[in-house]
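Biologist: Please choose a single part of this model and examine it closely, in terms that a first-year student can follow. I should be grateful for one connected account that also places that part in its surroundings.

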Amino acid sequence: MRCPHCGTVEDKVVESRTLANGDAVRRRRECINCSYRFTSYERIDERQFMVVKNDGRREPFDHVKLERGVVRALEKRPFSHMEIENIVNEIEDETAILSKGSGEIISSVIGDLVLQRLEKLDKVAYIRFASVYKKFKDLDEFIEEIKKVGVEKQ
């Protein structure tokens, strides 16, 4: 693994931890050259899982894209990177189950799964994600969604 600090490919694994029901491994590594510590993730490279977009196009499922959306929704909220990674892995696992072996899932199903998780986890993150996912056209739609999830003034 190439060190992101100095570029050397010599490192040692300091700690390994299984994630997502054994489907991924998180490794803490230390560069032999500069002692910089960094994290890497390993996951099984299975057959390409396809996402069917609203316009009918198909594109490969992108774990990073899903994670980016969840991270943006939870930005500046009290959740660790590990918690976010677990949420993303759970959503990815559920999409695989829902596809029923077809290897395809509709993009809106993934969006709905994210909304379900965020609604239980953090109402602010839910509203952030919903505002992009549901493409609110005006403030009234935004306010209606806030009322629907029961976000109240503190």
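**The nonpolar core and its surroundings**

Modeller: Of the contacts in the protein with a separation of 6 or more, 42% join residues that are 24 or more positions apart. The model is a predicted one, and the values below are computed from it. The part chosen here is the nonpolar core, but the overall plan should come first.

The protein has 5 helices and 6 strands. Along the sequence they follow the pattern β-β-β-β-β-α-α-β-α-α-α. Taken along the principal axes, the C-alpha atoms fill a box of roughly 55 × 45 × 25 Å. Of the 154 residues, 32% are buried. The accessible surface comes to about 10,200 Å², and carbon and sulfur atoms account for 50% of that surface.

We may now turn to the core itself. In soluble globular proteins, nonpolar side chains tend to be buried together. In this model the largest nonpolar core has 25 residues, and those with the most contacts inside it are Leu66, Val70, Leu74, Val114, Leu118 and Tyr126. The elements that give two or more residues to this core are α1 (63-73), α2 (81-98), α3 (107-121) and α4 (123-133).

Val114 is a useful place to begin. If its neighbours within four places in sequence are left aside, Val114 is in contact with Leu66, Val70, Ile91 and Phe129. Leu66 and Val70 are, like Val114, among the core residues with the most contacts.

Leu74 offers a second view of the core. This residue is placed in the loop between α1 and α2, yet Leu74 counts as buried, because its relative accessibility of 3% is under the 20% limit. Apart from neighbours within four places in sequence, Leu74 is in contact with Phe79, Ile84, Ile87, Leu118, Leu121, Asp122, Ala125 and Arg128. Of these partners, Leu118 is also named among the core residues with the most contacts. By contrast, Leu74 and Arg26 are 48 residues apart along the chain, and their C-alpha atoms are separated by 21 Å.

Phe129, already met as a contact of Val114, leads to the aromatic rings. The structure holds 4 aromatic pairs. In one of them, Tyr36 and Phe38, the ring centres are 6.4 Å apart and the planes stand at 15°, so the pair is stacked. Phe38 counts as buried at 7% relative accessibility, whereas Tyr36 is partly exposed at 35%. Another pair joins Phe129 and Tyr133: the ring centres are 5.8 Å apart and the planes are at 25°, so this pair is stacked as well. Phe129 and Tyr133 both lie in helix α4, 4 residues apart, which is about one turn of the helix. Phe129 is buried, with a relative accessible area of 16%, while Tyr133 is partly exposed, with 28%.

Some other positions help to set the core in context. Pro60 is found in strand β5 (residues 58-60) and is partly exposed, with a relative accessible area of 38%. Leaving aside neighbours within four places in sequence, Pro60 is in contact with Gln48, Phe49 and Met50. Pro60 and Arg28 are 32 residues apart in sequence and 28 Å apart in space, C-alpha to C-alpha. Ser102 is placed in the loop between α2 and β6 (104-106), and its relative accessible area of 45% makes it partly exposed. The C-alpha atoms of Ser102 and Gly69 are separated by 25 Å, the two residues being 33 positions apart along the chain.

Two further loop residues show a notable backbone angle. Most residues other than glycine have a negative phi. Ser35, which is not a glycine, has a positive phi of about 65°; it lies in the loop between β2 (24-31) and β3 (37-43) and is partly exposed at 46% relative accessibility. Lys135, likewise not a glycine, has a positive phi of about 50°. Lys135 lies in the loop between α4 and α5 (139-149), and it counts as exposed because its relative accessibility of 58% is over the 50% limit.

Finally, the charges may be considered across the whole protein. There are 29 positive and 29 negative charges, and their mean positions are 2 Å apart.

Technical notes
Residues are numbered from 1 along each chain as its sequence is written. This is a predicted model: local features need pLDDT of at least 70, side-chain atom pairs count only at pLDDT 80 or more; totals for chains, interfaces and linings use all residues. Side-chain values use heavy atoms; hydrogens and water are left out. A nonpolar core is a set of buried Ala, Val, Leu, Ile, Met, Phe, Trp, Tyr and Cys residues joined through side-chain atoms within 4.5 Å. Buried means under 20% relative accessible area, exposed over 50%, partly exposed in between (1.4 Å probe, protein chains only). Contact means heavy atoms within 4.5 Å. Accessible areas come from the Shrake-Rupley method with a 1.4 Å probe; for residues, only the protein chains shown count as cover. Lys and Arg count as positive and Asp and Glu as negative; His and the chain ends are not counted. The place of a charge is taken as NZ of Lys, CZ of Arg, CG of Asp or CD of Glu. Rings of Phe, Tyr and Trp (its six-membered ring) pair if their centres lie within 6.5 Å; planes under 30 degrees apart count as stacked, over 60 as edge-to-face and the rest as tilted.
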